[in-house]
Amino acid sequence: MSGSGDDGGRGPESAPSGARNLPAGVTITCRSILPLQGPPLERGWLRIGRGRIEGIGHRRPSGPVIDLGDAIILPGLINAHTHLEFSDLTAPLPAGSNLTDWIEEVVRLRRARLPGAAEQTRLATALSAGLQESAAAGVTALGEIATAVPAQGYPPHGPRVRLYREGLGWRPTATFQSLVARDLNHLRHALGGLSPHAPYSVSAGLGGWLVRTAVAGHLPVAMHLAESRAEAEFVATGGGPFQNLLAGLGVWPVSPAPRLHSAADWISQLARAPRGSVVHGTFLDETALNRLIRHRDRLCLVVCPRTTLRLAGALPPLGHWRQAGIRLAVGTDSRASNPDLSILAECRTLVEAGMMSPAEALRTATRGGAWALMLEHRCGQLAVGRPADFIVLQAPPGHADPHVAALDPATRVVATVRGGRLIFGDLASRGSTAGSWQSASQ
Ligand SMILES: [Zn+2]
């Protein structure tokens, strides 16, 4: 099976074609470098070669240096959960009064799309728009949920993609299994993963097959869990808002009735895979949370703050989770529930709610995301030998703390670099705004 885990290799980093290489052996300096595995490096420097970080420090480096003035450099942001198929939406779908209203809108939208060439074209356009928007937002890797792999694959000149092939339904039919196997074998420029959709939409049998496939291929898994209180009610009793939703969509009741897992039982299932993301988890009960704590060496929680605020009316209990030692990552979810794909905006939401410090939010959005995507040996921090995945930010003046500056609403992403190549922005043009874009000998 192709597209498995992180190779963690040390050879030349394969950079996205179509992007622009940074000059060979270039050293960059600026006001602050945030490696996010130690204190900020004031007037630090970063040396890039063969797509990887060759050196990092805070004393004056040897050789030619490119000075980016008062910019801030940090690891590329990681969007641990999104659905790029909705990236062509200009506004989120109506949320109604609860999650099931919104899901109904999503299903209506999907059913209105006619299969065939026109939908393939739309999908390709949406994926391309989502990847470009992500790169412009400083994202160098993302966890993409997809019900199918597009025929043309994912373009190579964008963020790294961990593609979780999603499954919904009640029976793991031979047709379904062959489609999933085909998709995982046709990943181009993406790494694989698997995703049972949610406890109210996936039977124990179908989800179990997806998890076993992940285990066999050493692939990570991701699953929406406890996104609403009504989910547990449906799993336990077969009633409530999800029963109404599924009956209205004509997919419930099913005979014979499929076996459904609780969130706690799904956590036990997901923990069999080498890595797993529990997405949302806002309403995990005590049993589920204790099970997640038990499996925190393999599972993390991915929070999508703005989507959760919009669809659940409150942010998840992050303080409780962090005290329990559960790893966290940040996602945007999709443009069907969020106005954009900005991870910095998600971090700001957590900081403004008093749930994290700016430094914690940035670590969650970089190191946390890398771990969630099973890419922790490849990205998420600035360290010698790692691929050169980083972003350059221009913040407004007046902030003493570079972490606070990075999350100022007026801060903009100047450049996004993946594997030593620009996938967004243009460092050379910074000379007009911040000066000092000159190669200068020591
Ligand atoms: Zn989602």
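Arg 50 is found in the loop that connects strand 5 (45-49) to strand 6 (52-57), in what is a predicted model. This residue is exposed, its relative accessible area of 61% lying over the 50% cut-off for that class. The C-alpha atom of Arg 50 is separated by 8.9 Å from that of Ala 388, a residue 338 positions away along the chain. The points below turn to the zinc site, a set of parallel strands and helix 12.

**Zinc site**

- The zinc ion is coordinated by the NE2 atoms of His 81, His 83 and His 224 together with an OD atom of Asp 333, at 2.1 to 2.5 Å.
- Because the four donor atoms subtend angles of 83 to 167 degrees around the zinc ion, the arrangement is irregular.
- Along the sequence, the donor residues follow the spacing H-x1-H-x140-H-x108-D.
- His 81 belongs to strand 9 (residues 77-82), whereas Asp 333 sits in the loop between strand 16 (328-330) and helix 11 (343-352), so this pair ties together parts that are 252 residues apart in sequence.
- His 81 and Asp 333 are both buried.

**Strand 15 and its partners**

- Strand 15 (residues 299-303) is largely enclosed by the rest of the structure, because five of its five residues are buried.
- Leu 299, Leu 301 and Val 303 point one way from strand 15, while Cys 300 and Val 302 point the other way.
- This pattern can be set beside the general rule that in a regular strand the side chains alternate between the two faces of the sheet.
- Strand 14 (residues 276-280) pairs with strand 15 in the parallel sense over four bridges, and Val 278 stands opposite Leu 301 in that pairing.
- Strand 14 and strand 15, with helix 8 (residues 286-294), make a right-handed β-α-β unit.
- Strand 15 is also joined by three bridges to strand 16, which runs parallel to it, and here Val 303 stands opposite Val 330.

**Helix 12**

- The 15 residues of helix 12 (residues 358-372) should span 21 Å at 1.5 Å a residue, and the end C-alpha atoms are 20 Å apart, which agrees with that expectation.
- Helix 12 nevertheless bends by about 35 degrees at Thr 364.
- Helix 12 is mostly covered, with 12 of its 15 residues buried; among them are Pro 358, Leu 362, Trp 371 and Thr 364, the last being the residue at which the bend is placed.
- Helix 12 is followed by Met 374, whose phi is positive, near 60 degrees.

Conventions. Residues are numbered from 1 along each chain as its sequence is written. This is a predicted model: local features need pLDDT of at least 70, side-chain atom pairs count only at pLDDT 80 or more; totals for chains, interfaces and linings use all residues. Side-chain values use heavy atoms; hydrogens and water are left out. Helices (H or I, at least four residues) and strands (E, at least two) are DSSP runs, numbered from the N terminus. The expected span of a helix is 1.5 Å times one less than its number of residues. The bend at a residue is the angle between axes fitted to the seven residues ending there and the seven starting there. Buried means under 20% relative accessible area, exposed over 50%, partly exposed in between (1.4 Å probe, protein chains only). Donors are N, O and S atoms within 2.8 Å of the metal (3.2 Å for Na, K and Ca); water is not among the atoms, so sites may look incomplete. Four donors count as tetrahedral if all angles lie between 85 and 135 degrees; four count as square planar and six as octahedral if opposite donors are over 155 degrees apart and all others between 65 and 115; anything else is irregular. Two strands pair if DSSP finds at least two bridges between them. A crossover is right-handed if, with the strands pointing away from the viewer, the path from the first strand over the helix to the second runs clockwise.
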